[in-house]
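Thanks for sharing this one with me. Here are a few points to look at as you turn the model around on your screen.

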Amino acid sequence: MMLEIEQARSPTLDLDSVYGSVPEGTKGGTSPRSNNGTGPFFEFGITRPSAGAGNSGQPLANDLPRGPFPLDANGDRTDAPAKVLIPDDRNDENLIVGQMHLAWMKFHNAVARTLMSNDMSLSDTMAFEKARELVTQHYQHIVLHDFLKKVCEPNVWADVVQKGKCRHCDTTVAETATMPLEFAVAAFRFGHTMIRQAYDWNANFMRGGFFDRAAVFDGKLNRLSLFFHTCNNLSLEEQLETNWIADWRRLLDFTGTGFDVGDADFVNAAAFDPLLASGMGNLGRAPNKPVLNNLAASNLRRGALRGLPSGQDVSAAMSTVKVLTKAEMKKNLPEDMAGLVDTLELDQKAPLWFYILQEANARHNGDHLGEMGSILVAETLVSLVKASKPSIIASGWAPSQSPLRLSNGSEVDTLPKMMAFCDENGNPIINPLGV
């Protein structure tokens, strides 16, 4: 039986971070909507014109919605940041996640526009709810059939997603929904190792771009950091600067969408291994608490405090999975890190998060998760989709049943196609700077 923890947010895949299905008394709220909150569309934040290439000098609807600055007792503006108006403000902790959140809001608006065009009798309320259901269905499909297919071991993905074989994750829905701690505190944190130190972010912040400087993952005090331009650091600037809008052509592969990416090249994520980008050791969270300022140390500390089993114990509990050998625990690691395997006896009891990353590194050269990591991630997400409302597994829904199509006739079944649908239906998200 996997360890579980009660969630403050919905653990199911219902896009509650966008739509605001939050338990009473928890942090968060709903994003502003058209017609004073009753309309079918989300409203967005307007970016602040700035120096740069293309449309950088224009105000664009490509920021998350933000509230007014807090005032003091005299009614004067304080230095506190403006509140981001989304249900889960953690989605505004770095710019990549914030711009991804914006993309799903834009997708909602594009879907609502399409539904209302197809059925003029829809009320605003009905259009919003129908769009919410359809967006959530596409989201679940993209998670299971686009995202998981890319990050999981192929045989595990086929068994769990295509054949529905969940052998280790309890798919029954308790009165209070839960998810395995092994997933939340270890397995699903594999994404931390996929982050690169620097990105060609857009035509402004890239090597050879307008400013000839790449965007970086580093401490929040660095203005080139993708942590800087968020709710935590917009205390002096209420809006995101236009020159920081994402250019998704540089992050995703738009092959098959019909979208002309021009001369932009996308960059793959970093390898699945225990070697994090240097900026992950300088998050700027708590200068006086080095453990909290270092993402790897923070992950390891969290796992220890939660009492997670070791990677070897979890692997052994899955009778079909072979435990990593001592040689595999050292494979493809730098000499100093490989030495820690001996010093700390990590070949006997390794922290689960580290073990999952090393399984991917040793057995798949960092191309995707290993068998155990894939089982934990895939079975948990399939289980959560089963518990969701709506649930594409329970209903048997597929994108072929959706009214959404790209102009080239393609179904909207991947993340790049979702963004292409936004651009084709009046909600530009792929490259609003235009260069």
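1. Let's start with a pocket, keeping in mind that this is a predicted model. The second largest pocket has a volume of about 280 Å³. Helices α8 (295-305), α11 (335-343) and α12 (352-364) are the elements that each give two or more residues to its lining. The largest share, three residues, comes from α12.

2. Which residues lie nearest the centre of the second largest pocket? They are P274, A296, L300, M337 and F354, out of 17 lining residues. By type, the lining divides into 15 nonpolar residues, two polar and no charged.

3. Next, find the largest nonpolar core, which has 110 residues. Helix α3 (residues 95-118) gives the most to this core, with twelve residues. Those with the most contacts inside the core are F107, L148, W201, M418 and M419. As background, nonpolar side chains in soluble globular proteins tend to be buried together.

4. M418 is a good residue to click on. Leaving aside residues up to four places away in sequence, M418 touches A103, W104, F107, I142 and V412.

5. Finally, follow helix α5 (residues 154-162) from end to end. At the N-terminal end, E153 acts as a cap, with a side-chain oxygen 3.0 Å from the backbone nitrogen of N155. Within α5, V156, W157, A158, V160 and V161 are buried, and their cover includes α4 (124-151) and α13 (371-386). Just after α5, G164 takes a positive phi of about 70°.

Conventions: Residues numbered from 1 in each chain as written. Predicted model: local features only at pLDDT ≥ 70, side-chain atom pairs only at ≥ 80, totals over all residues. Heavy atoms only, no water. Core = buried A, V, L, I, M, F, W, Y, C linked by side-chain atoms within 4.5 Å. Buried < 20%, exposed > 50% of the residue type's maximum accessible area, 1.4 Å probe, protein only. Helix = DSSP H or I, 4+ residues; strand = E, 2+ residues; numbered from the N terminus. Contact = heavy atoms within 4.5 Å. Polar contact = N/O pair within 3.5 Å; in protein donor to acceptor, adjacent residues only side chain to side chain. 1 Å grid on protein atoms, 1.4 Å probe; cavity = no way out; pocket = protein on both sides within 12 Å on 5 of 7 lines; lining within 4 Å. Points joined across faces, edges and corners; volume = space filled by probe spheres on them. Nonpolar A, V, L, I, M, F, W, Y, C, P; charged D, E, K, R; others polar.
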